[in-house]
Amino acid sequence: MGPRRLYRSRRNRIIAGVCGGIGEYFNIDPVIIRILAIVIPGFGWIAYLICAIIIPLEPY
């Protein structure tokens with residue numbers, strides 16, 4: 001098995017699938033990632049937008 005890659009999720013997405021992809025990569029509930037993105041003022045939205053641009057979409 002090759003190295004794991006971080007992708008935006010196609011199945012577990014609300015806006016762009018970033019939190020779902022991070023949750024799948026680290027094997028934790030994406031709701032926790034979403035709460036952290038909201039709780040961290042300012043930085044959470046900026047980081048989300050950057051990740052939505054940089055992280056590729058999960059292949060089929």
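**Figure 1. Contacts across the whole chain.** Among contacts in the protein between residues at least 6 apart in sequence, 49% join residues at least 24 apart. Keep in mind while browsing these views that this is a predicted model. The protein has three helices and zero strands, so reading along the sequence gives the pattern α-α-α. Its C-alpha trace spans about 40 × 20 × 20 Å along the principal axes. For 60 residues, a compact globule would have a radius of gyration near 10 Å, and the 11 Å of this protein agrees with that. As for what is tucked away, 32% of the 60 residues count as buried.

**Figure 2. The largest nonpolar core.** Which residues make up the largest nonpolar core? There are seven of them: Ala16, Val18, Cys19, Ile22, Ile33, Tyr48 and Ala52. Helix H1 (18-26) and helix H3 (43-54) each bring at least two residues to this core. H1 gives the most, with three residues. As background, nonpolar side chains tend to be buried together in soluble globular proteins.

**Figure 3. Helix H1 and what comes right after.** Here we zoom in on H1, where Val18, Cys19, Gly20, Gly21, Ile22 and Gly23 are buried. Tyr25 also lies in helix H1, but at 26% relative accessibility Tyr25 counts as partly exposed. Not counting residues up to four places away in sequence, Tyr25 touches Arg4, Arg5 and Leu6. Tyr48 sits 23 residues from Tyr25 along the chain, and the C-alpha atoms of the two are separated by 16 Å. Once H1 is over, Asn27 follows, with a positive phi near 60°.

**Figure 4. The buried side of helix H2.** Helix H2 covers residues 30-39, and Pro30, Ile33, Arg34 and Ala37 are buried there. Why do they belong to the same side of H2? They cover an arc of only 100° around the axis, and that puts them on the same side. Ile33 is worth a second look, as one of the residues of the largest nonpolar core. Leaving aside its neighbours within four places in sequence, Ile33 is in contact with Cys19, Ile22, Gly23 and Ile28.

**Figure 5. Two cysteines without a bond.** How many disulfides does the structure hold? The count is zero. A disulfide is a covalent bond between the sulfur atoms of two cysteines. The sulfur of Cys19 has its closest cysteine sulfur in Cys51, 8.6 Å away, and that is too far for a bond. Are Cys19 and Cys51 buried or partly exposed? Cys19 is buried, with a relative accessible area of 7%, whereas Cys51, at 24% relative accessibility, counts as partly exposed.

**Figure 6. Ala16, just before the first helix comes into view.** Ala16 has its place in the segment before H1. At 11% relative accessibility, Ala16 counts as buried. With neighbours within four places in sequence left aside, Ala16 is in contact with Arg8, Tyr48 and Ala52. Two of these partners, Tyr48 and Ala52, are listed with Ala16 in the largest nonpolar core. For a sense of scale, Ala16 and Asn27 are 11 residues apart along the chain, and their C-alpha atoms are separated by 18 Å.

**Figure 7. Ser9 and its surroundings.** Ser9 is in the segment before H1. Is Ser9 buried or exposed? At 0% relative accessibility, Ser9 counts as buried. The side chain of Ser9 reaches the backbone nitrogen of Arg11 at 3.3 Å. Setting aside neighbours within four places in sequence, Ser9 is in contact with Gly17, Gly20, Gly21, Glu24, Leu57 and Glu58. Among them, Gly20 and Gly21 are buried residues of H1.

**Figure 8. Glu58, after the last stop on H3.** Glu58 is found in the segment after H3. Its relative accessibility is 14%, and Glu58 therefore counts as buried. What joins the side chains of Glu58 and Arg11? It is a polar contact of 3.3 Å. Leaving out neighbours within four places in sequence, Glu58 is in contact with Tyr7, Arg8, Ser9, Arg10, Arg11 and Glu24. Ser9 and Glu24 may ring a bell from the previous view, where Glu24 was listed as a contact of Ser9.

Definitions and conventions. Residues numbered from 1 in each chain as written. Predicted model: local features only at pLDDT ≥ 70, side-chain atom pairs only at ≥ 80, totals over all residues. Heavy atoms only, no water. Core = buried A, V, L, I, M, F, W, Y, C linked by side-chain atoms within 4.5 Å. Buried < 20%, exposed > 50% of the residue type's maximum accessible area, 1.4 Å probe, protein only. Helix = DSSP H or I, 4+ residues; strand = E, 2+ residues; numbered from the N terminus. Contact = heavy atoms within 4.5 Å. Arc of directions from axis to C-beta. Disulfide = S-S within 2.5 Å. Polar contact = N/O pair within 3.5 Å; in protein donor to acceptor, adjacent residues only side chain to side chain. Rg over C-alpha atoms; globule rule 2.2 N^0.38 Å.
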